[in-house]
Amino acid sequence: MAHVITSLCVREGSCAMVCPVECIVPGKPSDLYPWYYIDPDTCIDCDACTPECPSNAIFTADAVPSEYKAKGGEVLSMPKGTPGFSEKYSGKNHDGDPVHLEATRKLAPGEIVDLTPAKKANADYFSEGPGYRAIM
Ligand code: SF4
């Protein structure tokens with residue numbers, strides 16, 4: 001098992017600062033890989049990252065919700081060009097540097113979303129995608 005960063009990630013990045021095994025990396029390029037990603041083969045499930053995330057985007061793999069009920073106002077981020085994700089997001093990361101995401105939308109109160117597709121996206125990033133190259 002490992003921890004998984006879901007589409008609630010807005011690249012704030014404090015998770016990466018606390019990870020004791022440095023297995024969390026920001027997706028690059030950010031328009032195609034908008035989240036931070038956790039290398040599942042290196043994660044030791046210490047759970048240090050989960051409480052650090054201001055977006056509550058991180059879960060253990062077996063606890064990623066298939067029915068996530070929004071409080072309202074949470075930002076979902078997806079790769080640029082994803083249908084229905086037409087809003088740009090601007091915020092700041094853990095260091096106070098600007099963050100811009102190209103394809104987001106805000107959740108309505110009570111809206112139910114399935115966050116489980118993030119498990120495959122996270123695994124793909126490290127199995128064949130740029131995450132694999134990033135840590136080699
Ligand atoms: Fe890193 Fe621990 Fe989070 Fe795994 S659970 S990504 S080892 S901080």
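These are my notebook entries on a predicted model, working from the ligand outwards to the backbone oddities and the end of the chain.

**Entry 1: the ligand**

I started with the ligand and asked which residues come nearest to it. Of the 14 residues around the ligand, the nearest are Cys19, Cys43, Cys46, Asp47 and Cys49. I then sorted that shell by residue class and got 11 nonpolar, 2 charged and 1 polar. Where does the ligand sit? I found it in the largest cavity.

**Entry 2: the cores**

Next I looked at how the nonpolar residues group. The largest nonpolar core holds 33 residues, and Ile5, Ile24 and Leu115 have the most contacts inside it. Which strands and helix each supply at least two residues of this core? I noted strands S1 (3–5), S2 (24–26), S3 (36–38) and S4 (58–60), plus helix H2 (117–127). There is also a second, separate core of 5 residues, with Val10, Val75, Tyr89 and Leu101 among them. As background for myself, nonpolar side chains tend to be buried together in soluble globular proteins.

I picked Ile24 for a closer look. Setting aside its neighbours within four places in sequence, I listed its contacts as Ile5, Cys15, Ala16, Cys19, Tyr36, Tyr37, Ile38 and Cys49. Two of these names were already in my ligand entry: Cys19 and Cys49 are among the residues that come nearest to the ligand. Ile5 is also on the list of residues with the most contacts inside the largest core.

**Entry 3: Thr104**

I moved to strand S8 (residues 98–106), where Thr104 is found. Is Thr104 buried or exposed? Thr104 counts as buried because its relative accessibility is 2%, and the cut-off for buried is under 20%. Leaving out neighbours within four places in sequence, Thr104 touches Val75, Leu76, Ser77, Phe85, Ser86, Glu87, Lys88 and Tyr89. I recognised Val75 and Tyr89 from the second core.

**Entry 4: backbone oddities**

I scanned the backbone next. Most peptide bonds are trans, and most residues other than glycine have a negative phi. Against that, I wrote down a cis peptide bond between Lys28 and Pro29, with omega about -5 degrees. Pro29 is in the loop between S2 and S3.

Glu22 is not a glycine, yet its phi is positive, about 50 degrees. I placed Glu22 in the loop between helix H1 (14–18) and S2. Glu22 is exposed, since its relative accessible area is 67%.

Asp45, also a residue other than glycine, has a positive phi near 55 degrees. Its place is the loop between S3 and S4. At 27% relative accessibility, I put Asp45 down as partly exposed.

**Entry 5: Glu128 and Pro130**

I finished with two residues further along. Glu128 lies in the loop between H2 and H3 and is exposed, with a relative accessible area of 70%. I checked its C-alpha distance to Ala61: 19 Å, with the two positions 67 residues apart in sequence numbering.

Pro130 is in helix H3 (residues 130–135). Why did I mark Pro130 as buried? Because its relative accessibility is 13%, and buried means under 20%. Outside its neighbours within four places in sequence, Pro130 is in contact with Lys28, Tyr33 and Tyr125. Lys28 I had met already, in the cis peptide bond with Pro29. Last, I took the C-alpha separation of Pro130 and Ser14, which is 21 Å for a pair 116 residues apart along the chain.

Terms used
Residues are numbered from 1 along each chain as its sequence is written. This is a predicted model: local features need pLDDT of at least 70, side-chain atom pairs count only at pLDDT 80 or more; totals for chains, interfaces and linings use all residues. Side-chain values use heavy atoms; hydrogens and water are left out. A residue is near a molecule or strand if one of its heavy atoms lies within 4 Å of it. On a 1 Å grid over the protein atoms alone, a cavity is a set of points where a 1.4 Å probe fits but cannot get out, and a pocket is an open set with protein on both sides within 12 Å along at least five of seven lines; lining residues have an atom within 4 Å of a point. A molecule sits in a cavity or pocket if more than half of its atoms lie within 2 Å of its grid points. Ala, Val, Leu, Ile, Met, Phe, Trp, Tyr, Cys and Pro count as nonpolar, Asp, Glu, Lys and Arg as charged, and the others, Gly among them, as polar. A nonpolar core is a set of buried Ala, Val, Leu, Ile, Met, Phe, Trp, Tyr and Cys residues joined through side-chain atoms within 4.5 Å. Buried means under 20% relative accessible area, exposed over 50%, partly exposed in between (1.4 Å probe, protein chains only). Helices (H or I, at least four residues) and strands (E, at least two) are DSSP runs, numbered from the N terminus. Contact means heavy atoms within 4.5 Å.
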